[in-house]
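Subject: The structure I promised you

Hi,

Here is the structure we talked about. Have a look at it first, then read on.

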Amino acid sequence: MTERAFQVDLRGVVDLLSRHLYSSPRVYLRELLQNGVDAVTARRAEEPDAPARIHIETPEHTGEGSLRVHDTGVGLTEPQIHELLATIGRSSKRDELGYARHEFLGQFGIGLLSGFLVADEIEVLTRSMHGGPTIRWVGYSDGRYLVEEAAEERNEVGTTVILRPRRDAEEWFAASTVANLARHYGAFLPVELRVGDTLVTEGEPPWRRTYPTPVRRRAALADYCQTVFGFAPLDVIDLEAAAAGLRGVAFVLPHAANPTVRAAHRVYLKRMLLADNVTDLLPEWAFFVRCVVDAEELRPTANREALYDDDLLGQVCDTLGEQIRDWLLTLAHSRPEELRRFLQLHHVGVKALAAHDDTMLDLVYRWLDFETSSGTMPLAEFTRRHSEVRYTSDIDEFRSLSAVAAAQGVGLVNAGYVYDTEIISRLSDRQGAALLRPLDPGELTTRFGRLPSETELRLRDFLHVAERALDSLGCTVLLRSYAPASLPALYLTSRAAEHRRELAESRAEADPLWADVLGALEPALAADQNRLVLNHANPLTRRITTLTDPDLITVAVQALYGQALLQGRHPLRPADSAVLNRSFLGLLDWAAPTESEE
């Protein structure tokens, strides 16, 4: 067996790294800035008082069509050039030369290849702080390079990178574009960065600066948020994660946000902008904030446009989530009105957190408004008002039954929105929490007033006809007296009856063997039915009970059935729709007799 070496197409490797590693040509300037900052950092490790400057000259400044990036960094000797600029993928020598230490932004040399995004040729003039002549290195996009002693010496230690744009890349070399990119990526770099004569760097990030008063700091950060994100924040939360050397701020959105869209945050690494669309910095429930942070220890991906998903990032995510959670608790204890305003906008995120966090569950119980049969109020207040509390996970069921339940002394909570059922179930399971049980609509009939025995006896024939009118629909008829009196009839579903109906539908679609299995389950569900409860307290219903014509009773009862279904927003089966149409036409026919009948 013969071992062979891989055949590497160097031109293809350069193309892969320079054209396909990065999302946009704009990152070429960021990579050049990173190399410049790393070079300055390396020099200052040995000469703490060395100048820290990066100067960019655009074609408008040079007058020769080239872009030049000058730095006062450590510079390179000829052997270092061969190791750093002409070797792809080998890290041992970089480690020996000191360019793999965590103080550096990038991996010196690899980032230089991004220059091929906008140019076919990269020229480097460098003079090492350790002595020796100025060396000229020229790399070509086809994989060739040359190294020679420069014709002219640099005036000072450091490096100059020269790019000449390709025909399709001139736009990236315009003075305004370069200035905007330099400011976007490098505004907070710890060096003096200039484009032409314009100073780009602003010193410390706004969240690290010293302000005369907390009010002034809050105003300055709000202005910064307006500039970066385009909104005035509801509040500002300081963030810190010591394990990652991270500091920053979270801005609370002043408007409702879509909880299904993960928030994008702006992240700096060692004060160089990494990206402004990082989505995995915070827990998913914290979609109501936008963050700007600077970190020392978080790892970037290979293209330095996102964060590497490792244990440290997970730890940071948990830490920052705890700080946002603590901010919410502080609002609850010291600024309840601000908390109420926040909850009106961002209740979904808080409920998502309360679904698994006991402390936030208590906050939701005390402060978050729920829709109830007594109006909108927190669950803590609602349970104080009612000795019996039920909840329903169906919004339509709540709307149809809330008034009836309230009239019977039963407090009803609408738990039909996202996370509501989980939250109420957790509250019921906790020791000492108010008893919140799911509502079975059928239990309301036990609270309705029964009619006097002589009235029931008198209406026995009417009820018999009414039962036959709805028998084919799987619905029984009851006659009760209940509030509100304005309601003529109420359709109450039975959980068992609903299960039986679903079982029958599944059995009809199943194969014979599975149909027999499902059929064996039906007897256990056969005892209960859906109910149409006629309200004898309603004047219209009382008049209907006095009818004696069986056909007219059938039409009237079926009309009440259809109206109750629509009132309760229950789904209409084909049979229900047919009965509704037939009863409507029957009532019209009764109301408009023919000429012979007149």
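Below is what turned up, starting with a sheet and ending with some aromatic rings.

Before you start, keep in mind that this is a predicted model.

**The sheet**

Look for the open sheet made of five strands, which run in the order β9-β10-β13-β11-β12 with mixed pairing. If "pairing" is new to you: strands of a sheet pair through backbone hydrogen bonds, either parallel or antiparallel. At the edges you'll find β9 (236-241) and β12 (272-278), each of which has a pairing partner on one side only. Going from one strand to the next, the twist averages 15°.

One pair to zoom in on is β10 (residues 246-252) with β13 (residues 289-295): they are antiparallel and share six bridges. Within that pair, Arg247 stands opposite Asp294 in β13.

Now, which helix lies across β9, β10, β11 and β13? That's α7 (residues 214-229), and it runs at about 80° to β10.

**A helix with a buried face**

Next, go to helix α13 (residues 420-429). Its buried residues are Asp420, Ile423, Ile424 and Leu427. Try looking down the axis of α13: these buried residues fall within an arc of 95°, so they line one face of the helix.

**Aromatic rings**

Across the whole structure, a search finds 16 aromatic pairs. Take Tyr28 and Phe173: their ring centres are 5.7 Å apart and their planes meet at 20°, so this pair counts as stacked. Where do the two residues sit? Tyr28 is in helix α2 (residues 27-46), while Phe173 is in the loop between β6 (158-165) and α6 (175-186), so the pair ties together parts that are 145 residues apart in sequence. Are they buried or exposed? Tyr28 is buried, with a relative accessible area of 0%, and Phe173 is buried too, at 2%.

There is also an aromatic cluster to pick out, formed by Phe188, Trp207, Tyr224, Phe229, Phe231, Phe251 and Tyr268.

**Charges over rings**

Finally, two arginines to find. Arg144 lies over the face of Tyr140, 4.4 Å from the ring centre. The other is Arg299, whose charged end sits over the ring of Tyr308, at 4.0 Å from its centre.

Have fun exploring, and write back if anything is unclear.

Cheers

Conventions. Residues are numbered from 1 along each chain as its sequence is written. This is a predicted model: local features need pLDDT of at least 70, side-chain atom pairs count only at pLDDT 80 or more; totals for chains, interfaces and linings use all residues. Side-chain values use heavy atoms; hydrogens and water are left out. Two strands pair if DSSP finds at least two bridges between them. Helices (H or I, at least four residues) and strands (E, at least two) are DSSP runs, numbered from the N terminus. Axes are lines fitted to C-alpha atoms, for helices over the stretch in contact, and angles run from 0 to 180 degrees between N-to-C directions. Contact means heavy atoms within 4.5 Å. Buried means under 20% relative accessible area, exposed over 50%, partly exposed in between (1.4 Å probe, protein chains only). The arc is that of the directions from the helix axis to the C-beta atoms. Rings of Phe, Tyr and Trp (its six-membered ring) pair if their centres lie within 6.5 Å; planes under 30 degrees apart count as stacked, over 60 as edge-to-face and the rest as tilted. A charge sits over a ring if NZ of Lys or CZ of Arg is within 6 Å of the ring centre and within 35 degrees of the ring normal.
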